[in-house]
Amino acid sequence: MQFVATCLFGLEKQLGEEIDALGLKRIQTIDGRIIFEGEESDIPKLNINLRLSERVFILMGSFRAESFSELFDGTNAIAWEEWIGRLDEFPVTGHSIKSKLTSIPDCQSIVKKAIVDRLQGAYGISWFEETGVKYKVEFFILKDEAYLMIDTSGAPLHKRGYRPAYGAAPIRETLAASIALTTRPSEDILFWDPFCGSGTIAIEAAMIAKNIAPGLNRSFAAQNFPRIEQRLWAEAIDEAKSKIKTDCRFEAWASDIDEDILDTTYENALRAGVEENINIFCADARKIEKPSDRRGSIICNPPYGERMGEMAEVEQLYREVGRHFKTFEPWHIYFITSCEHFEKLYGRPADKTKKLYNGMIPCYFYQFFKPYEGKPLTYKSYDKKQNYNSKYSHPAEHGKTRVQEQKKGSMSSNARDYKSSDKNSFRKDYKKDYKKDFKKENK
């Protein structure tokens, strides 16, 4: 059988590598999705183990659909009765891109009618109660080619279960995992996010280093499908748990100027099972100091700016951080931001740039990993580079975040200071109580 794994634009290559690692064969890659072959028994391990996918679908069939009659006939020819029972619910959603059939409501209606007609013939009934198991049907029409699918994931896979609360500028867990994978987390390199917010990037990096499967702390729609034995889910969960590196010495530092968000950061790390690998503390990214005895990488998802006044503050922040982070050479530095002229503000050209999407916000992932001995990047030199490189020809939209104002009073400059603070002693006490409550809730 065939499956479709969807992802954020720009993550297709890494997602394909994940699918390969699970021993499955890729058939086709489309923007934001990969079609591949597998077995029914692969559904549990796909949902539990894929870090970069948003959803995993069963591909029921594909066909040419330039008219509503072709859409009806193609949908009607699919053996829906192999999955959907006479009492089951089957809502229909979908998308159409660069195709003759542009009306999504009309396409939904046609697909629904075609499935009902098929099931009426299979079960010999004219009315469907739709009170049983929910099978979410999704169509995707691209350049007049229709793909009909059943969703096995339910809630999007970026919802790992460890982050019920979000910071001011949330980044999707799947995108954070992609960024962390790019930096190659390892035990001998310190991983530092100085704009950590609710801690998503550091948490995903720690989960990767410890080989914690992203889907161990949540449920999936296909767990209710009678056709998929519960034994397969139990085996996939046991296998994923057996691969966790319990003795991993990976260390991440998660710091932020907003001290109020740090309790949320700790709670998220605790839910994810990586609290022992992350030092959480309050610090201004413009004043942090490089540990003299460590190799490391800095990974940043700084404020993007919302209105013009805020954007001016954000640009000033980028300038100040660019000047200060020179003291961290030869560490590798990574930034994801919607600012398409970030290099000009930061003061040097990136060694590599990749366009990504944080939800629907187009962003740029700037990577600095080579020593820079050139002159600071000026408006003139940047404009010349901009004209040369087409990837900067379309300005990105700015995301909706606020610039966090620096709080008054002294701040801890590193994780050791923060570990000895009163705030951290509160977290130790909180950790014991929280673990008890968490186990009760998830029995």
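These are my notebook entries on a sheet, two helices and one loop residue in a predicted model.

**Entry: the sheet.** I began with the strands. I found 7 strands in an open sheet, and their pairing is mixed. I wrote down the order as β2-β3-β1-β4-β7-β6-β5. Next I looked at the edges. β2 (25–30) and β5 (92–97) stand there, and each has a single partner strand, so one side of each is left without a neighbour in the sheet. I also noted the twist, which averages 30° from one strand to the next.

**Entry: one strand pair.** I picked β4 (residues 55–64) and β7 (residues 145–151). They pair in the antiparallel sense over 7 bridges. I looked up G61 and found that its bridge partner in β7 is L148.

**Entry: a helix across the sheet.** I turned to α2 (residues 42–49). This helix lies across β1 (2–6), β3 (33–37) and β4. I noted that α2 runs at about 120° to β4.

**Entry: helix α5.** Is α5 (residues 173–183) mostly covered or mostly open? I found it mostly covered, with 9 of its 11 residues buried. Among the buried ones I listed E173, L175, I179 and T183. Just after α5 I stopped at R184, which takes a positive phi of about 55°.

**Entry: N277.** Where does N277 sit? I found it in the loop between α8 (262–272) and β10 (278–282). Its relative accessibility is 5%. Buried means under 20%, so N277 counts as buried. I then looked for its contacts, leaving aside neighbours within four places in sequence. N277 touches A206, K210, C248, R249, F250, E251 and A252.

How values were computed:
Residues numbered from 1 in each chain as written. Predicted model: local features only at pLDDT ≥ 70, side-chain atom pairs only at ≥ 80, totals over all residues. Heavy atoms only, no water. Buried < 20%, exposed > 50% of the residue type's maximum accessible area, 1.4 Å probe, protein only. Helix = DSSP H or I, 4+ residues; strand = E, 2+ residues; numbered from the N terminus. Pairing = 2+ DSSP bridges. Axes fitted to C-alpha atoms, helices over the stretch in contact; angles between N-to-C directions. Contact = heavy atoms within 4.5 Å.
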